[in-house]
Amino acid sequence: MDNLLDLIVPLIFILTFALNGLFKSKKGQEKEGPSPQPSAAGEEDPLSDLREEIRRRVQESKKQTQPTREIVPPAQRSVEPTQSRNQASENREVAERMKKMALMQKQVKA
């Protein structure tokens, strides 16, 4: 009985490997075949429509994400020193709050 299993198991692996190779080669031949032809009514391939739609949306999103900065000469800028100091102190306060929150989250997890 052990000898029979020693023969059957490798044969099963070899057969599955061979059949898998055959099916993969058939799939490769199908993919290499000619692309689907448009219908006689003059309709385009639905995939090409989809590709064109995706391409158009990507271009639109690129236009929206590009920053449109207006260059203002230094003489026209009106920034008070107190504003920048206040903003810097607020930034420090926010950073400290974030550190405290991170510590509290670590304590909760522990």
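This report walks through the helices, surface and salt bridges of a predicted model.

## Overall picture

Let us start with the fold. The chain has 3 helices and 0 strands, and reading from the N terminus its elements follow the order α-α-α. Helix α1 takes in residues 2-32, helix α2 covers residues 46-65, and helix α3 spans residues 81-109.

A word on confidence will help as you look around. Across the chain the mean pLDDT is 76, with 64% of the residues at 70 or more. Helix α2 has the highest confidence, at a mean of 85, while α1 has the lowest, at 81.

## Surface and burial

How much of the chain is buried? Of its 110 residues, buried ones make up 0%. The exposed surface of the chain comes to about 11,400 Å², and 59% of that is supplied by carbon and sulfur atoms.

One nonpolar patch is worth finding on the model. Leu4, Leu7, Ile8 and Ile12 together make a nonpolar surface patch of about 370 Å². Leu7, one of these residues, sits in helix α1. Its relative accessible area is 57%, so Leu7 counts as exposed, the cut-off being over 50%.

## Salt bridges in helix α2

The structure holds 5 salt bridges, and helix α2 is a good place to begin looking at them. Here the side chains of Arg55 and Glu52 meet, with a distance of 2.9 Å from N to O. Both residues belong to helix α2 and are 3 residues apart, about one turn of the helix. Each partner is partly exposed: Arg55 has a relative accessibility of 45%, and Glu52 has 46%.

Another pair in helix α2 is Arg57 and Glu53, whose closest N and O atoms are 3.0 Å apart in a salt bridge. Why are Arg57 and Glu53 separated by about one helical turn? The reason is their spacing, because the two residues are 4 residues apart in helix α2. The partners fall into separate exposure classes: Arg57 is exposed at 54% relative accessibility, whereas Glu53 is partly exposed at 27%.

## A salt bridge in helix α3, and a shared network

Moving on to helix α3, we find Glu93 in a salt bridge with Arg97, their closest N and O atoms being 3.9 Å apart. That distance counts because a salt bridge requires the nitrogen to be within 4 Å of the carboxyl oxygen. Both residues lie in helix α3, 4 residues apart, which is about one turn of the helix. Is Glu93 exposed or partly exposed? With a relative accessible area of 40%, Glu93 is partly exposed, while Arg97, at 53% relative accessibility, counts as exposed.

Which residues do shared salt-bridge partners join into one network? They are Glu53, Arg56, Arg57 and Glu60. Two of these names, Glu53 and Arg57, are familiar from the bridge with closest N and O atoms 3.0 Å apart.

Terms used
Residues numbered from 1 in each chain as written. Predicted model: local features only at pLDDT ≥ 70, side-chain atom pairs only at ≥ 80, totals over all residues. Heavy atoms only, no water. Patch = residues over 30% accessible without salt bridge, like charges linked within 9 Å, V, L, I, M, F, W, Y side chains within 5 Å. Areas by Shrake-Rupley, 256 points an atom, 1.4 Å probe, with all protein chains shown as cover. Buried < 20%, exposed > 50% of the residue type's maximum accessible area, 1.4 Å probe, protein only. pLDDT = per-residue confidence, 0-100.
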